[in-house]
Structure formats: C-alpha cells, structure tokens
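Work through the exercises below with the structure at hand, and try each task before you read its solution.

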Amino acid sequence: MSVTYRVKGGKQLQGTVFIQGAKNSALPMIGAALMASKGRTVLRNIPIIEDVRRAVELAQAVGAKADLHEAERTLVIDASELSSPVLPAEIAARFRGSFLFVPALLHRLGEAVIEGVGGCNLGSRNLDFHYNGFKRMGATVTEHDTDSADGGYIHVKVGQLQAGTLYCDTPSHTGTENLVMAGALANGTTLIKNCALEPEVLDNIDFLQRMGAQIEGGGTGFIRVTGVEELTAVEHTVMPDRIDAGVLVMACAVTGGEVSLVGAELEHLGVAVDKLEQMGVEFSQQGAVLQVRRERPLRPINVITDEYPGFATDLQSPIMALATQAVGESYIYERIFDSRFQLAEELIRMGASIEVAGNQRAKVYGQTPLRGAQTVAHDLRSGAALVLAGLVAEGETEISQAYYIDRGHSNFAERLTALGADVQRETA
Ligand SMILES: CC(=O)N[C@H]1[C@@H](OP(=O)(O)OP(=O)(O)OC[C@H]2O[C@@H](n3ccc(=O)[nH]c3=O)[C@H](O)[C@@H]2O)O[C@H](CO)[C@@H](O)[C@@H]1O
Ligand SMILES: C=C(OP(=O)(O)O)C(=O)O
C-alpha cells in the first residue's frame with residue numbers, strides 16, 4: 001500500500017489539538033510487557049500509529065496475545081506463553097522498536113533470532129552498545145550470513161543473563177532501555193554507565209518499577225538494576241509524545257496561528273522551547289494545555305541537536321522547514337545522526353534556499369516563498385516537515401512515501417484539518 005499526503009497551503013492554524021501518546025515510550029513498553037510471565041499488561045494512551053501496529057504483530061509472532069483497542073487507545077498484552085525467539089524480517093525490519101523485544105526473549109526463552117531491525121534511514125544506526133552489553137552479561141552473539149542478499153540473521157543466546165558493568169559510549173536511547181531491561185531479570189546487580197536521560201527512558205523505567213523491577217538512578221548517567229525473580233503485568237499510561245507536540249507547535253508557528261495542545265508538556269521539549277521562543281513563538285502552559293502562538297515575523301536560529309535536554313534530533317527536520325520562513329540565515333548542526341538532511345533537497349524543490357556542507361551542517365537562507373511540488377518523505381520526520389512546508393506553500397504539495405509519517409504521527413491529516421489546514425491522506 002502506498003500512502004500520499006496532499007497539502008494545500010495558505011491556511012492559518014487555529015484551535016485545539018490532542019497530543020498522542022509517545023511512540024518512543026510505547027515501543028519499549030511493549031517489549032517490557034513480554035517480560036511478565038503471567039497476567040495481562042494494560043497500556044493506556046497508546047498512539048495509534050503504524051509502528052505500534054507492527055509491534056503488536058511482532059508480539060503476536062513470538063507467541064504473546066496482544067489486542068490493540070484502537071478506539072480506546074489501549075493495548076492489552078498477555079505474554080504468559082511465548083513460543084518463538086524469532087523476530088521475523090517481514091515485521092522486525094519495518095521499525096526500530098523491534099530490537100526492544102530482545103531482552104524479553106533472552107529472559108523468557110534464552111535466545112533471540114534477529115532477522116532484521118528497521119527504523120528511519122538516518123545514516124549509521126549501530127547496535128554495538130546493545131550487543132556488547134548482552135555479551136558482558138554472558139550472552140553469545142553470532143552472525144549468520146549477514147552479508148547475504150536477504151541480510152541473514154543474528155543469534156543471541158544465553159542460559160541466564162548475569163549482572164555486569166555495562167556502558168553506552170554515547171547515551172543511546174534504546175541502548176539504555178535495552179540494557180535496563182536486560183538487567184531487570186538478570187542474576188545480581190547491573191551498573192549501566194552513560195545512560196540516556198530522555199523522558200521516554202524514564203517513563204519506561206517507571207513502568208518497569210511498577211512491574212516490580214528494582215532500578216535506581218533513572219535520569220542520571222548511572223543506572224543500577226538489581227535483578228528480580230519475576231515481573232508482574234501492570235497497567236500504565238504512556239506519556240505524551242514530545243516530538244508530536246514539537247511538530248504541531250511548529251505547524252502552528254509556520255502558519256502564524258494560535259493553537260492549544262492538550263497533553264503537551266513544555267519541559268519535555270527541552271532546549272527546543274528556547275530556540276522556538278528566539279524565533280518568535282510564544283508559549284504559555286496552563287495545566288495540561290500548552291498554548292502556542294506566533295504573530296511576529298520569524299527570526300532565524302542556530303540549532304545543534306543533542307541528547308535530552310538538548311535540541312531533539314527528531315525535531316531537526318521540522319525546524320529546517322520552519323527556518324525557510326525566518327527572515328535571515330539559520331544554521332543547523334546535526335550531531336546525533338550522520339545522514340539526516342535528505343529533507344533539504346525536497347525543500348529546495350519547493351523553492352527553499354539551503355546549503356548542506358558535508359553530512360551534518362546546513363545553512364537555511366530565509367525567508368523564501370515556497371511553492372507546491374512533488375516531494376518524497378525520506379523518513380518519518382522529513383515527511384512531517386514537508387507537511388509543514390506545504391502548509392505555507394502556494395498551491396499543492398504532494399508527499400509520496402508517506403507511510404513514514406504514519407509510522408509515528410497518528411491521524412496527522414485529520415488533526416491538522418481540524419485546525420483549519422487542508423491536508424488529505426490518500427492510499428493506493
Ligand atoms: C525507537 C526510538 O526510541 N527511537 C529514537 C531513538 O533511536 P535510537 O535508540 O536508535 O538512537 P540512539 O540514541 O541509539 O542513537 C544515537 C546515535 O548513537 C549511535 N549508536 C547507538 C547505539 C549503538 O549501539 N551504537 C551507536 O553507535 C547511533 O548510530 C546514532 O548515531 O533515539 C533517537 C535519538 O534521540 C531518536 O531519533 C529515535 O526516535
Ligand atoms: C528516528 C525516529 O524513529 P525510529 O528510531 O523509530 O526510526 C523518529 O522517531 O524520528
């Protein structure tokens with residue numbers, strides 16, 4: 001099935017929009033739920049996105065019962081019987097979060113067979129911190145035909161994971177989550193150094209603690225996990241998605257509108273708030289509602305992506321689109337991924353003036369009028385960013401390969417349309 005978005009520009013966004021549950025919280029929680037050997041896990045505020053649908057299919061493929069109640073945004077998982085250690089390529093290679101199933105398979109079945117890992121193509125996306133951690137805990141990791149056309153598979157095997165001293169060379173988001181989950185049912189106390197501080201990592205630790213895991217130090221660079229005998233199925237509400245919120249803030253800002261975001265938390269946006277304020281976006285948090293507006297002309301900005309609370313790399317593409325409408329020269333330095341600028345060529349096709357130097361530095365010269373064009377979403381956030389560009393472009397912007405948008409933003413076209421935009425989603 002191919003998905004295309006069509007955006008007709010020129011409408012100011014006004015009104016109220018609901019922020020979805022966080023993709024990057026929900027996915028590790030689905031992996032963690034497979035560690036409960038009895039009972040039913042209930043995850044509320046689950047985002048209804050393609051990555052979650054794939055995660056549900058993957059949970060079913062390894063033998064769990066997983067029912068996604070879309071209208072209730074609730075996922076119920078019964079992992080009392082797991083039957084297969086195989087993460088099949090046709091599902092696992094379609095999203096990054098598939099790799100978050102590995103600790104549960106190691107604990108429950110003593111092995112995991114990884115036929116593929118997907119996710120946005122952003123340059124190198126190594127997994128050495130994860131594999132090295134599993135090895136330090138006693139696992140063997142064997143590659144089988146990984147150079148072949150079908151990619152082969154990786155086999156991780158262990159009797160029982162043993163506690164160890166582990167580390168991430170840089171504070172990897174899913175790396176931290178996987179090592180914490182590996183420690184949760186291991187024999188002894190595991191120390192993990194240089195951990196990620198992202199709010200979703202903390203949400204997942206909170207979930208694991210409810211399940212009975214003994215974890216200390218979440219939110220610091222050092223996490224200590226003392227393995228327990230078993231984890232219990234519990235109920236948890238997934239935190240709001242700060243990237244979904246950031247994208248919608250920028251959608252409002254690019255059109256010069258005024259929008260209330262229900263469920264968005266300013267603090268979760270980290271440095272992005274300060275950068276957007278410098279550009280001329282006004283924020284006011286009233287309880288669980290974040291009010292956003294932009295009246296004055298947008299000012300240019302310098303952005304360096306960084307781990308939380310730095311400027312999130314997942315908001316780098318949207319701010320590139322926004323910067324095309326700022327008056328002056330903006331500078332973007334992408335530090336986290338080594339190839340996350342494929343958006344630039346698409347924005348240039350729409351009339352933007354952007355210079356990319358090497359793979360990680362870009363200058364955006366604004367303000368340039370944008371015109372509708374045929375564009376391609378190269379990954380999730382570049383797809384969302386093209387929708388933002390389309391909101392201020394003259395005429396119609398077509399975004400193909402838009403399955404990527406559906407991977408991470410639920411009902412994106414409908415939510416923008418409810419704010420007054422003209423965005424259509426088509427499938428063929
Ligand atoms: C499902 C999920 O949560 N995805 C998020 C997660 O991805 P993900 O967890 O894959 O991102 P990481 O934080 O692990 O990766 C960041 C950088 O570290 C490098 N690295 C990572 C692990 C490793 O073992 N070796 C290594 O070299 C990667 O190549 C990359 O350059 O964090 C990213 C960075 O905030 C976000 O963009 C993604 O939305
Ligand atoms: C890079 C992203 O996701 P993933 O890690 O799931 O590919 C993203 O959410 O922008």
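**Exercise 1.** In this predicted model, determine how helix α1 and helix α7 are oriented relative to each other.

*Solution.* Begin with the geometry: helix α1, which spans residues 23-33, packs with helix α7, residues 199-211, at an angle of about 30 degrees, and their axes lie 9 Å apart. Because angles under 35 degrees count as roughly parallel, α1 is roughly parallel to α7. The crossing in which α1 passes α7 is right-handed.

Next, look at the residues that meet: α1 contributes N24, S25, P28, M29, A32 and A33, while α7 contributes E200, D203, N204, F207, L208 and M211. Sorted by class, this contact has seven nonpolar, three polar and two charged residues.

**Exercise 2.** Decide whether C120 is buried or exposed, and describe its surroundings.

*Solution.* First locate the residue: C120 is in the loop between β7 (111-114) and α5 (128-136). Its relative accessibility is 8%, and since buried means under 20%, C120 counts as buried. Leaving aside residues up to four places away in sequence, C120 touches R125, D379, L380 and R407. An unreviewed UniProt entry annotates C120 as "modified residue: 2-(S-cysteinyl)pyruvic acid O-phosphothioketal".

**Exercise 3.** Carry out a similar analysis for V141, beginning with the strand in which V141 is found.

*Solution.* V141 belongs to strand β8, residues 140-144. Its relative accessible area is 23%, and because partly exposed lies between the limits of 20% and 50%, V141 is partly exposed. When residues up to four places away in sequence are not counted, V141 touches Y131, K135, I154, H155 and V156. Finally, consider A186, which is 45 residues from V141 along the chain: the C-alpha atoms of V141 and A186 are separated by 17 Å.

Technical notes:
Residues are numbered from 1 along each chain as its sequence is written. Chains are lettered from A and ligands numbered from 1 in the order in which they are written. This is a predicted model: local features need pLDDT of at least 70, side-chain atom pairs count only at pLDDT 80 or more; totals for chains, interfaces and linings use all residues. Side-chain values use heavy atoms; hydrogens and water are left out. Axes are lines fitted to C-alpha atoms, for helices over the stretch in contact, and angles run from 0 to 180 degrees between N-to-C directions. Helices (H or I, at least four residues) and strands (E, at least two) are DSSP runs, numbered from the N terminus. Angles under 35 degrees count as roughly parallel, over 145 as roughly antiparallel, 65 to 115 as roughly perpendicular and the rest as oblique. A crossing is left-handed if the near helix is turned anticlockwise from the far one by less than a right angle, and right-handed if clockwise. Contact means heavy atoms within 4.5 Å. Ala, Val, Leu, Ile, Met, Phe, Trp, Tyr, Cys and Pro count as nonpolar, Asp, Glu, Lys and Arg as charged, and the others, Gly among them, as polar. Buried means under 20% relative accessible area, exposed over 50%, partly exposed in between (1.4 Å probe, protein chains only). UniProt positions are given in the numbering used here, feature names are shortened, and annotations may be inferred rather than shown by experiment.
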